[in-house]
Amino acid sequence: MRVCALNAPRYTSSMPIQTVFKAEIERISILDEHNQFDEKLGAGLISDEDLVRLYEAMSSCRYLDEVAFKLQRSGRMGTYPQNMGQEATSLGAAYALNSDDWLVTCYRENCGLFWRGVPMESILLHWMGDERGNAMPAAHYATPIAVPIGTQMLHATGLAWASKYRGESRIACTFFGDGASSEGDFHEAANFAANLDIPVIFCCQSNSWAISVPQRIQCSAPTVAQRGMAYGMPCMQVDGNDIFACVYAVKAAAKRAREESRPTFIELVTYRLGDHTTADDARRYRDQAEVDLWKLRDPLIRTRKLLETKRLWDSSKEDAMRQRIEVSVNAAVARAEEIAAPPTSDVFDHTFAQLPPDLVRQRDSLQTHSLAGEQAVHTEGH
Ligand SMILES: Cc1ncc(C[n+]2csc(CCOP(=O)(O)OP(=O)(O)O)c2C)c(N)n1
Ligand SMILES: [Mg+2]
């Protein structure tokens, strides 16, 4: 982004009309869907060896989506939001960040979380309704996936502020949808981060839809990126289906955060190829022609094309990879399903250090199937 006159004095005596603010937003694209690669920006950004690993990571995440869909349909898992089509965004960020920078996500960032090392069964457990799926191992610097829209942007800003206050070099990177950028939480987080110079990166997954609400209805501005500009934050728009562009943008934002303690807003333009969740049927509100167009821009297809051009990939490697992925994803499903279900009383265990008396009564009456009235008999231990 180029911001002209952002730091201009707020008062001027020039008359009668003058421009006090002008801005441009740059769009970053390095590897497009026609296999065009920009050497100037892309050279040296991702090694060949890493590109193969990134492709496998995206493919593995895509396969998990297939499996999770079937698990939900066969009653073995609750509602699940497929990540299909959006794998490159969070993966690019996880690749570009340090492994101890905070990754504060919502629910379509499986690929970045797995790159961090978050176990696949944690994500499966979450969608199976098991609280233990939210216990992200501390070593991964990832917060539990946030389903309430928008809340996590405030958490990321707070985490980055704490890090700055302690004099650590750790920054935070948060992910949210285009719909979430219309929530008050986004505006509070952005204002706070920009005004207090907080080293946080706001990554918006601009996927055209917020369930059935098209982007044009909830954002009248030509780009979502300019929402960050309103707070005086550098912003850019990025081809979110281009793993190189995602890495490039997050690297630049991380450098700014670490060296200047400044936030950045990145609009990652992508598309969800699946339904909003397994509880949705997107055919009811969007055209197949639109979906077909975005299938051609799939981040997996274009990464594979580049690998083939570089003679790093062929169908036998693809088949061998598919077998590896099937084994590892199926093993993660087995591990998630083997974990014994928590006791019903578990819902009372994670909020209070000392359970208040009314909740003690509810917990105990739950075990005896009676109502928790004032007269309920205390049945602890039965
Ligand atoms: C606070 C809150 N309001 C409403 C919902 C219901 N809801 C779930 S997803 C969603 C749309 C989110 O759209 P977007 O932010 O664009 O993310 P996407 O699902 O497209 O990735 C809504 C309204 C919610 N989970 N939390
Ligand atoms: Mg969206």
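Helix pairs with an angle under 35 degrees count as roughly parallel, those over 145 as roughly antiparallel, those at 65 to 115 as roughly perpendicular, and the rest as oblique. In this predicted model, helix H2 and helix H13 pack at an angle of about 50 degrees, and the two are therefore oblique to each other. The protein chain is divided into domain 1 and domain 2.

**Packing of H2 and H13**

- Helix H2 spans residues 48–73 and helix H13 spans residues 315–338, and their axes are 10 Å apart.
- The crossing in which H2 passes H13 is right-handed.
- On the H2 side, the contact is made by Glu56, Ser59, Ser60, Tyr63, Leu64, Val67 and Leu71.
- On the H13 side, Met321, Ile325, Glu326, Ser328, Val329 and Val333 make the contact.
- By residue class, the contact of H2 with H13 comprises eight nonpolar, three polar and two charged residues.

**Domains**

- Domain 1 covers residues 23–338, and domain 2 covers residues 346–382.
- A distance of 41 Å separates the C-alpha centres of domain 1 and domain 2.

**Arg216**

- Arg216 belongs to helix H8, which runs over residues 215–218.
- A residue is exposed if 12 or fewer other C-beta atoms lie within 10 Å of its own; Arg216 has 8 C-beta neighbours inside 10 Å and so counts as exposed.
- Arg216 and Ala142 are 74 residues apart along the chain, and their C-alpha atoms are separated by 32 Å.

Technical notes. Residues numbered from 1 in each chain as written. Chains lettered and ligands numbered in written order. Predicted model: local features only at pLDDT ≥ 70, side-chain atom pairs only at ≥ 80, totals over all residues. Helix = DSSP H or I, 4+ residues; strand = E, 2+ residues; numbered from the N terminus. Buried ≥ 20, exposed ≤ 12 C-beta atoms within 10 Å, placed from the backbone. Axes fitted to C-alpha atoms, helices over the stretch in contact; angles between N-to-C directions. Left-handed = near helix turned anticlockwise from the far one by under 90°. Contact = placed C-beta atoms within 7 Å. Nonpolar A, V, L, I, M, F, W, Y, C, P; charged D, E, K, R; others polar. Domains from an automatic or database assignment.
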